[in-house]
Amino acid sequence: MSEAPSSPSAAMRPVPLFSPGRVATIASGTVTQLIRMKTFYFLLAFALVVVAAGNFNLPATPAQELSMIKKVSFGTMDLFAWLFAIVATALLIPRDQEDRTLYTILSKPVRRVEYLLGKLGGVLVVVGVSLVAMYAICATMIGVRESLFVAAEVEAMQADGRYSEEDIAGQVGLIRQQGLRPELAIAVLAFFLKAAVVAAVTIFLSTFASSSLFTIIVSILVFLVGHAHTMASSFWLHESGNSAFVRMLVKVVKILIPDFQLFAFSEGVVLGEAVVWPLVWQMGGLTLAYLAVFLLLSLLVFVDKEF
């Protein structure tokens, strides 16, 4: 007995305006696409940098040596995160156009906003996994070196005989302050949020750019200019006598070119300073605002493209 034909009402069921499932499917495909592009190879380069930094023999105290290891490791982590976000995002839409994948996706009941969200989400998943892996490598190196430094310092001070228990505890505290602390995860979060904003800017540029190379170059320039916001804004306001027009212009520029100095407090966290939680919440809120603005701009450009 043959199966009954599908219901006409089911075939004509309206497509929902937005589907998280379709976004997740596109994000999953983006992750697979980036893995096939062998993007995780940079983790090997990061591991080599961390191992090299951990094996430097510098004429410094244990605390200073741990501080140097953290500076190199977390600085490299930050560099890889935002640079990967730019390069990976810049390649996605042009690669889909070349492979005709974009036309296949958009010929189905997939909204363009879902496509953009899926692509951005896939990049952020890969960036997040990469940062977790890099942090694990870095934390292992710092933890091992911290344990060795503490043991060697305690042994040397006890053998000397001139130091009290308070002196030994104070020296160990200095080493541990520059060692593996839970607050370092906040610095990694700052790197991820910075990479998210960079990826949103890049996906906006890639919606109208003529080539991936142009997108990468402009995205890097925007990133560099975004680090000079504070200095440039102060200069403009001072030269204009703090005029209302310049103040408004500065606000517009800060919307179109994100102020990446918002994430700079992570440098202090890496060096052992306390976490200022209001700055963390401000960073998170402004990151969401930047993502919303650049996704909206991307959609306004992308909906008018002929595919």
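Start with lysine 119, which touches Ile26, Thr30, Gln33, Leu92, Asp96 and Ile203 once residues up to four places away in sequence are set aside. This is a predicted model, and in it lysine 119 sits in helix α6. Its relative accessibility is 4%, so lysine 119 counts as buried, the cut-off being under 20%. One of its partners, threonine 30, is 89 residues away in sequence, yet the two C-alpha atoms are 6.0 Å apart.

Now step back to the whole chain. There are 13 helices and 0 strands, so to speak a plain run of α after α when you read along the sequence. Of the 307 residues in the chain, 43% are buried. Contacts that link distant parts of the sequence are well represented here: take the contacts with a separation of 6 or more, and 85% of them join residues 24 or more positions apart.

Back to α6, this time with α4 beside it. Leu92 and Asp96, two of the residues that lysine 119 touches, lead us there, since α4 covers residues 62-98 and α6 covers 112-160. How are the two helices arranged? They pack at an angle of about 165°, and their axes are 10 Å apart. That angle is over 145 degrees, so α4 runs roughly antiparallel to α6. As for handedness, α4 passes α6 in a right-handed crossing.

Just past α4 comes a backbone detail to look at. Arginine 100 is in the loop between α4 and α5, the latter being residues 101-106. Most residues other than glycine have a negative phi. Arginine 100, though, has a phi near 65°, a positive value in a residue other than glycine. Is its side of the story buried or exposed? Arginine 100 is exposed, with a relative accessible area of 52%.

Helices α4 and α6 also turn up around α7. Helix α7 takes in residues 165-177, 13 in number, and reaches 18 Å from its first C-alpha to its last, close to the 18 Å expected at 1.5 Å a residue. Which of its residues are buried? They are Ile168, Val172 and Ile175. Looking down the axis of α7, you'd find these buried residues within an arc of 55°, so they line one face of the helix. The spacing fits the general rule: an α-helix has 3.6 residues a turn, so residues three or four places apart point the same way. What covers those buried residues includes α4 and α6.

Next, follow the chain into α8. This helix has 23 residues and reaches 33 Å from its first C-alpha to its last, close to the 33 Å expected at 1.5 Å a residue. Unlike a helix with one buried face, α8 is largely enclosed by the rest of the structure, because 20 of its 23 residues are buried.Part of what lies against α8 is α13. Helix α8 (residues 184-206) and helix α13 (residues 277-302) pack at an angle of about 15°, with 8 Å between their axes. The two helices are therefore roughly parallel to each other, and their crossing is left-handed. On the α8 side, the contact is made by residues including Ile186, Ala190, Leu193, Ala196, Val197 and Phe204. The α13 side contributes, among them, Trp277, Met283, Gly284, Tyr290, Phe294 and Val301.

Lysine 194 is also found in α8. At 6% relative accessibility, lysine 194 counts as buried. Leaving out residues up to four places away in sequence, lysine 194 touches Asp78, Phe223, His227, Phe260 and Phe263. Aspartate 78 takes us back to α4, the helix where it lies. This aspartate is buried too, with a relative accessible area of 14%. Beyond its neighbours within four places in sequence, aspartate 78 is in contact with Phe191 and Lys194.

Finally, have a look at isoleucine 216 in helix α9, residues 212-226. Isoleucine 216 is buried, with a relative accessible area of 17%. Apart from residues up to four places away in sequence, isoleucine 216 touches Ile86, Val87 and Ala90. Leucine 83 is 133 residues from isoleucine 216 along the chain, and their C-alpha atoms are separated by 9.1 Å.

Methods:
Residues numbered from 1 in each chain as written. Predicted model: local features only at pLDDT ≥ 70, side-chain atom pairs only at ≥ 80, totals over all residues. Heavy atoms only, no water. Helix = DSSP H or I, 4+ residues; strand = E, 2+ residues; numbered from the N terminus. Expected span 1.5 Å × (residues − 1). Buried < 20%, exposed > 50% of the residue type's maximum accessible area, 1.4 Å probe, protein only. Arc of directions from axis to C-beta. Contact = heavy atoms within 4.5 Å. Axes fitted to C-alpha atoms, helices over the stretch in contact; angles between N-to-C directions. Parallel < 35°, antiparallel > 145°, perpendicular 65-115°, else oblique. Left-handed = near helix turned anticlockwise from the far one by under 90°.
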